Amino acid sequence: MQYNKKNALLPKTASILETFGENIRLARLRRNVSSSLQAERAGISRPTLSMLEKGSPSVSLGSYVQVLVALGLEKDLLEVAADDELGRKLQDLKLQVHRRAPRKRMNNEQ
């Protein structure tokens with residue numbers, strides 16, 4: 001998939017978008033919904049749906065959400081980053097209290 005320089009993506013990011021779009025297309029096909037009907041239900045154009053299903057980075061996140069809602073898959077979107085294992089570990093590391101040894105008293109302090 002080629003993108004203009006404005007939408008240049010790292011290969012890994014492009015692959016994620018392509019997989020996301022393909023998963024949406026497969027969900028639509030499993031439901032036996034035509035692209036025209038899906039676009040109408042989501043309130044987007046058919047060309048936008050086509051670009052979305054190909055993983056185009058120029059499609060807005062709002063369009064992805066509209067399509068997921070129309071497919072009844074909006075709850076899946078709420079799972080994104082819900083279980084952030086790495087983030088929680090990093091947060092826990094910052095929460096650890098590092099205790100210092102008590103200060104030594106000088107002879108003239110008592």
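So, right after α2 comes Gly-43, and its phi is positive, near 75°. When I say helix or strand, I'm going by DSSP runs numbered from the N terminus, H or I with at least four residues for helices and E with at least two for strands.

Before I go on, the housekeeping. This is a predicted model, so local features need pLDDT of at least 70 and side-chain atom pairs count only at pLDDT 80 or more, while totals for chains, interfaces and linings use all residues. Residues are numbered from 1 along each chain as its sequence is written, and side-chain values use heavy atoms, with hydrogens and water left out.

Okay, back to α2, the helix just ahead of that glycine. Which residues of α2 are buried? They are Ser-35, Gln-38, Ala-39 and Ala-42. Those four cover an arc of only 100° around the axis, so they sit on the same side of α2; the arc is taken from the directions from the helix axis to the C-beta atoms. Over on the other side of α2, Glu-40 and Arg-41 are exposed. For cut-offs, buried is under 20% relative accessible area, exposed is over 50%, and partly exposed is in between, with a 1.4 Å probe and protein chains only.

And what do the buried residues of α2 pack against? That would be α1, α3 and α4.

Let me zoom out for a second. The chain has 6 helices and 0 strands, so from the N terminus on you just read α-α-α-α-α-α. Of the 110 residues in the chain, 22% are buried. The chain exposes about 9,100 Å², with carbon and sulfur atoms supplying 53% of it; those areas are Shrake-Rupley with a 1.4 Å probe, and for residues only the protein chains shown count as cover. If you take contacts between residues at least 6 apart in sequence, 51% of them join residues at least 24 apart, contact meaning heavy atoms within 4.5 Å.

Now the core. In soluble globular proteins, nonpolar side chains tend to be buried together. Here the largest nonpolar core has 14 residues, where a core is a set of buried Ala, Val, Leu, Ile, Met, Phe, Trp, Tyr and Cys residues joined through side-chain atoms within 4.5 Å. The residues with the most contacts inside this core are Ile-24, Ile-44, Leu-49, Leu-52, Tyr-64, Val-67 and Leu-71. Two or more residues each come from α1, α2 (35-42), α3 and α4 (61-71), and α4 gives the largest share, 4 residues. Take Ile-24: leaving aside neighbours within four places in sequence, Ile-24 touches Leu-52, Tyr-64, Val-67, Leu-68 and Leu-71.

On to charges. How many salt bridges does the structure hold? There are 4, counting a side-chain nitrogen of Lys or Arg within 4 Å of a carboxyl oxygen of Asp or Glu. I'll go through some of them.

My pick is Glu-53 with Arg-28, where the closest N and O atoms are 2.7 Å apart. Glu-53 is in helix α3 (residues 46-53) and Arg-28 is in helix α1, so the pair ties together parts that are 25 residues apart in sequence. Are these two buried or exposed? Both Glu-53 and Arg-28 are buried, and Arg-28 has a relative accessible area of 8%. Leaving aside neighbours within four places in sequence, Arg-28 is in contact with Val-33, Ser-34, Ser-35, Gln-38, Leu-49, Glu-53 and Leu-71.

Also in α1 (residues 11-30), Glu-22 and Arg-25 sit 3 residues apart, about one turn of the helix. Their side chains meet in a salt bridge at 3.2 Å, N to O. Glu-22 is partly exposed at 30% relative accessibility, and Arg-25 is partly exposed too, at 28%.

Then there's Glu-85 with Lys-89, a salt bridge at 3.3 Å, N to O. They are 4 residues apart in helix α6 (residues 85-95), so about one helical turn separates them.

Staying with α6, that's where Leu-90 lies, partly exposed at 46% relative accessibility. Leu-86, Leu-90 and Leu-93 make a nonpolar surface patch of about 310 Å². Patches use residues with over 30% relative accessible area and no salt bridge, joining like charges within 9 Å and nonpolar side chains (Val, Leu, Ile, Met, Phe, Trp, Tyr) within 5 Å.

Last stop is Ser-60, in the loop between α3 and α4. Ser-60 is partly exposed, at 41% relative accessibility. The C-alpha atoms of Ser-60 and Thr-48 are separated by 9.4 Å, with the two residues 12 apart along the chain.
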